[in-house]
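Here are a few exercises to work through with the model open next to you. Try each task before you read its solution.

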Amino acid sequence: MILETGSHPNTETLVTLALEAGFTQAAPLNMDALLFRSEVRDMCAADRCKHYDKSWSCPPAIGSLEQITAQAARYHRGILVQTTAPTDGDFDMKGFYDGMVLHQRSFDTLTRQVRRMFPDCLPMAAGSCMRCRKCTYPDRPCRFPDRLYPSMEAYGLLVSDVCIRSGLKYNYGPRTITYTACILLD
Ligand code: SF4
């Protein structure tokens, strides 16, 4: 599908565009499900993922909960996208990594396309930014600010809740891994 720069397609058309970009599932985002929760941000601060205060894409660099809630409040619709990939089980690190690379590639493609129509859209990725071998944070600016997407979790969103309330599953069963991201529009 080719959409003109500056056009404003409806959400269903953007869902089709997302599927064409390679996502396995996509749906209109239920904006009522965008609850920015302090308890999710507290999990970031607990640093179980080892990225807290180590990346421009994560808290505290992306701003306080109040700041990002105000930022997101400017948007009135969005799309939710997922990549589900096969794995050999709970310890298949290569399968997890391959799925993440696939998801990242599709998200870069989709975000580039959507930005041509909605330059001020707000992409939220899956997980901490892994684009560089070592993040420049905090000593130097991000190397790729145009492709720096904080995650849904970093925004304080409970991703499973957002998926279910938007009509998608969060988990697609054993021996699969699913990555979820979204783009807010308007
Ligand atoms: S693009 Fe590189 S410098 Fe920027 S947040 Fe990601 S890893 Fe860090």
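**Exercise 1. Find which residues are around the ligand, and sort them by class.**

Solution. Start with the shell, taking a residue as near if one of its heavy atoms lies within 4 Å of the molecule. That gives you Trp56, Cys129, Arg131, Cys132, Cys135, Thr136, Cys142, Arg143, Phe144 and Leu148. Next, sort them: Ala, Val, Leu, Ile, Met, Phe, Trp, Tyr, Cys and Pro go down as nonpolar, Asp, Glu, Lys and Arg as charged, and the others, Gly among them, as polar. You end up with 7 nonpolar, 1 polar and 2 charged residues.

A word on the ground rules: this is a predicted model, where local features need pLDDT of at least 70 and side-chain atom pairs count only at pLDDT 80 or more, while totals for chains, interfaces and linings use all residues. Residues are numbered from 1 along each chain as its sequence is written, and side-chain values use heavy atoms, with hydrogens and water left out.

**Exercise 2. Say how many salt bridges the structure holds, and work out which parts Arg37 and Asp161 tie together.**

Solution. First the criterion: a side-chain nitrogen of Lys or Arg within 4 Å of a carboxyl oxygen of Asp or Glu. The count comes to 7. Now zoom in on Arg37 and Asp161, whose closest N and O atoms are 3.2 Å apart. Arg37 lies in the loop between strand E1 (25-28) and helix H2 (38-45), and Asp161 in helix H5 (residues 159-165), so this pair joins parts 124 residues apart in sequence. (Helices, H or I with at least four residues, and strands, E with at least two, are DSSP runs numbered from the N terminus.) Finally, look around the pair: Arg37, Glu39, Asp161 and Arg165 form a network of salt bridges.

**Exercise 3. For Arg77 and Asp186, decide which is buried and which is partly exposed.**

Solution. Begin with the bridge itself, at 2.6 Å from N to O. The pair links distant parts of the chain, with Arg77 in strand E2 (residues 77-86) and Asp186 in the segment after strand E4 (176-185), 109 residues apart. Then apply the cut-offs: buried is under 20% relative accessible area, exposed over 50%, partly exposed in between (1.4 Å probe, protein chains only). Arg77 is buried at 16%, whereas Asp186 is partly exposed at 44%.

**Exercise 4. Do the same for Lys54 and Asp47.**

Solution. Their side chains meet in a salt bridge at 3.2 Å, N to O. Lys54 is partly exposed at 42%, and Asp47 is buried at 17%.
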